[in-house]
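Colleague: I have a model open and would like to learn how to read its features. Could you walk me through it?

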Amino acid sequence: MRKRIVLSLSAILVLGCTSFFLFFRGEKNDYTLRFEKVSKGPLTVYVTATGTINAVTSVDVGTQVSGIVSKLYADFNSIVKEGQVIAQIDSTFLVQAVNDAAASLERAQAQYQDSKRTLDRVKSLFAKQLESQATRDAALTNYEASKASMKQAEAALQRAKINLAYATIYAPISGVVINRAVNVGQTVAASFSSPTLFTIANDLKKMQVGTTVDESDIGRISIDQTATFSVDAYPDEKFSGKVSQIRLAPVTIQNVVNYTVIIEVNNDQLKLMPGMTANVKILVANADAVLKVPNMALRLQPPTDIIDTSFANEMRNRFSGRRGEGGMPSSSADTGKANPAGQRTRASFDASAGSGPRQFGDGQTGQIGQMGQNGQMGQGGQGGMVWGSKRFQAVRDSLVAKYGNTLDRDEMRKKIFSVIQNE
């Protein structure tokens, strides 16, 4: 079975080369053909994409309080541990806020103690029926209100102390500082959102590549597929990884729907850095011992300069001469004068040339003129009938099927001309 396939492909190659030499080879220029053998080997299919290399876990460290950055204890590429102090916000106003809250708490406690003593005195008199019920109720309400105020002052003090603690910035995770966004003396405002002070990557030895895959190819991607990629920093080195996640959230880029595919990569040598662009190839299919034929061997696209137009000119001249043998006059569309018998102009043919619509091509532009309503032939161009027209190809194919390759070039021309002329 395999031998038959090899012989069939070889026959296709030979037939294509033969057709090229018979019909499309130029007489003035020499063209070199490239020959390829039918080979047998592995065949792989990849899905290509581009993506960005990032750390698996990275945290933006910000601040919850506003103020001036007074000290920085970490810089770019600094290795930090979880809980380590990395920055300090000026705490002058925060300390004053704590003192103010403490004073408010003392005042609330004093009011609470006074209301408690008043309530105890009113209760004693009320038991002896020396105070009214209304006086007792008012004293009880004042006591409860002062107690609530004291709790509110305690909460305000705790809040002021927490804000004071937030002035000291700690590292939330262990890792490497890959970005520092502030300098000493810079004012940060945490009114609407927390400003970013640092960006810390957890472990640069484990990286991931985030790629976007077109919706037409996403169906062939699956978890744990092998992926290889390269970066511009190391053009001669290939890195490998595996598909770890296919995110369902679509991303539309220039009206094309894409999906994000995450590829996990080991970076033990720390060559890969965050933000690098990766050219990714994901292996989606492979097979061994496959017969392989180059795609160029299955199609032929000759250049325009080797297409034979001399035969079209010859047929045009013969056809025009035969029409003119009967002495039928032809009128010129340009001058309006009659031409002598046996001569034809490009403007028109006499109505006696035929009753049905015949088509003649333009030897240079490939345009086609067609029979008009009055029975005259429209202008078809300078080159007459073209060798590459559909009718010529049909006649040529039928003659090749009938005679094979036994006819030489001139005989093939004469027979094609005879068939076309006698129709």
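**Reading a side chain and its strands**

Modeller: Happy to! Let's start with a polar contact of 3.1 Å, which joins the side chains of Gln 225 and Ser 222. Keep in mind that this is a predicted model.

Colleague: Where does Gln 225 lie?

Modeller: Gln 225 sits in the loop between β10 (206-214) and β11.

Colleague: Is Gln 225 buried or exposed?

Modeller: Buried means under 20% relative accessible area. Gln 225 has a relative accessible area of 11%, so this residue counts as buried. Leaving aside residues up to four places away in sequence, Gln 225 touches Arg 220, Gly 241, Lys 242, Val 243, Ile 282, Leu 283 and Val 284. With Arg 220, look at the backbone oxygen: a polar atom of the Gln 225 side chain lies 3.0 Å from that oxygen.

Colleague: Which strands form the closed barrel?

Modeller: The closed barrel has 6 strands, running β1-β10-β13-β12-β11-β14 with antiparallel pairing. From one strand to the next, the twist averages 45°. Take one pair: β11 (residues 226-231) and β12 (residues 234-253) are antiparallel and share 5 bridges. There, Thr 228 stands opposite Ser 240 in β12.

Colleague: And what is the order of strands in the open sheet?

Modeller: The open sheet has 4 strands in the order β2-β9-β7-β4, paired antiparallel. β2 (58-62) and β4 (79-80) are at the edges with a single partner strand each, so one side of each has no neighbour in the sheet. The partner of β2 is β9 (residues 196-201), joined in the antiparallel sense over 5 bridges. Val 59 stands opposite Ile 200 in β9.

Definitions and conventions. Residues numbered from 1 in each chain as written. Predicted model: local features only at pLDDT ≥ 70, side-chain atom pairs only at ≥ 80, totals over all residues. Heavy atoms only, no water. Pairing = 2+ DSSP bridges. Helix = DSSP H or I, 4+ residues; strand = E, 2+ residues; numbered from the N terminus. Axes fitted to C-alpha atoms, helices over the stretch in contact; angles between N-to-C directions. Buried < 20%, exposed > 50% of the residue type's maximum accessible area, 1.4 Å probe, protein only. Polar contact = N/O pair within 3.5 Å; in protein donor to acceptor, adjacent residues only side chain to side chain. Contact = heavy atoms within 4.5 Å.
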